[in-house]
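Student: Could you take me through one part of this protein slowly? I'd like a close look at the pocket, and then at a place where helices pack.

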Amino acid sequence: MFDMKLSKEQIKKMSEDYQKMCCQHVAQRSVTKNGILESAESVDVLKRMSPPNFAFTIDVDSQAVANQKMSGRCWMFACLNVLRFHIEKDLDLPKGTFELSQAHLAFYNKLERAAWFLEHIVATADKPLDDREVDWLISTPMADGGDWDMIAALVKKYGVMPHQGMSETHCTNDTAELNTVLSHLLRQDAIKLRQMANEGKDTEATQLEMLNDVYRILCVCFGEPPEKFDFTYTDAKGKYHEDRGITPLEFAKKYVKINLDDYVGVINVPGEGNPYGHVYAIQDSDQIPERRNLYVNVPMDELKGYVIESLKAGDPVWFGSDVLQWCDRNAGVMSEDLYDLEGLFGIKFDMDKAQRFAMHESLPTHAMTIAGVDIKDGKPDKWKIENSWGTENHGQKTGNNGYFVCTDEWFDNFVYEVAIPKKLLKPETLKALDSEPIVWPFWNTFNPVMGA
């Protein structure tokens, strides 16, 4: 084995090599003053992707964007944005005047995840604390991230309600403090449950007592979800409507016309160990036990075809991506040639998508909504993205009124998942859904973490 011990002679040789690199001396002056990304950013790419070039062949959604603020609820916001789009359309509501309550489902997501954690702590009580699975469980007992099947299960189980039915609070907008408190409590509970389970005691009643504590904390931080609420609105023609004393499940049944059970997670995860045409599941990703996280893996051209079909039908598409890769948040531009890091450092970066995924360099970190596509010569050129980061960030604009744009090449490299109606799937892909899934281990890069 090569024993790497840096010597002064080796470092001197590195210094001599650097002295010969004139371009990096120019880069040094820029980077030390402005930082890496600002120094490497292409003005030409920003001009090409920003207004007045923010136009798309198919453009289905221009609603006012929502704002998840300092929370990791993007996967939830993206789904509720799709649902509100259809509700606005069906009820003829003025665009941008309606929003569904994210706080309502965030409350039950936290409660469900706490129940899931306690159950898995009991199930793994016979394993040592340094066991890989146990260590993974207790490292982050409470977080915000999620995925399509999780939000679909929450909607089906708990329904939805208008934003005014349960509004945002300080703790829904900024979840760090609550996650810290709940993680502290759940780790403390885990010690007791592991001891009880290893002594052969029944833990069911104790788990329910512990969940009662979690419920109390959530009520203090979020407010208690209402059992019933009033839904009143004025449509685009000025006509007043009211629906009094309705429950969230009744609201969902009456006003959400799309059936989330008809949607499936279609993914593009290349690599020899991830063959296309198969269904995948992930160990320990059943935080909402009523619906298992399942994904059918397809080539990117097939995935994009489904997205374009959905957009042509007038439907925005929920999707998961690695949002901060080659992204200017203020400009709202995502492009693979946005930053010239190779020119800046004189070093080539050439991992492909499969390699980046395998090395945990890239993974689905954020869910948004595809709102349009610009097609040139029969092929997609750029995509319109509805984000959930609001329209301003620390006094600076965020994208084009909160909307982003990505190139088609960026889409190829950093989009991982879309939610697609089963009726749009190719027969062979639809058939694959009936097969037994390949189960990725819980440490797989794809384990539901979207929450940027």
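Tutor: Sure! Keep in mind that this is a predicted model. Let's begin with the chemistry of the largest pocket: its lining divides into 9 nonpolar, 2 polar and 7 charged residues. The space inside comes to about 570 Å³. There are 18 lining residues, and the closest to the centre of the pocket are W326, E336, F349, R356 and F414. You can see that mix of kinds right there, as W326, F349 and F414 count as nonpolar, while E336 and R356 count as charged.

Which helices help build the lining? Both α14 (341–345) and α16 (408–414) supply at least two residues each. The largest share comes from α16, with 3 residues.

Now move along to the helix pair, α5 (residues 74–91) and α6 (residues 102–123). Their axes sit 11 Å apart, and the helices pack at an angle of about 135°. What do we call an arrangement like that? Angles over 145 degrees would count as roughly antiparallel, and 65 to 115 as roughly perpendicular. The angle here falls in neither range, so α5 and α6 are oblique to each other. Their crossing is right-handed.

Finally, find the residues that touch. From α5 come W75, M76, F77 and L80, and they meet Q102, L105, A106, N109 and R113 of α6. Sorted by kind, the residues of this contact are 6 nonpolar, 2 polar and 1 charged. The charged one is R113, on the α6 side.

Terms used
Residues numbered from 1 in each chain as written. Predicted model: local features only at pLDDT ≥ 70, side-chain atom pairs only at ≥ 80, totals over all residues. Heavy atoms only, no water. Axes fitted to C-alpha atoms, helices over the stretch in contact; angles between N-to-C directions. Helix = DSSP H or I, 4+ residues; strand = E, 2+ residues; numbered from the N terminus. Parallel < 35°, antiparallel > 145°, perpendicular 65-115°, else oblique. Left-handed = near helix turned anticlockwise from the far one by under 90°. Contact = heavy atoms within 4.5 Å. 1 Å grid on protein atoms, 1.4 Å probe; cavity = no way out; pocket = protein on both sides within 12 Å on 5 of 7 lines; lining within 4 Å. Points joined across faces, edges and corners; volume = space filled by probe spheres on them.
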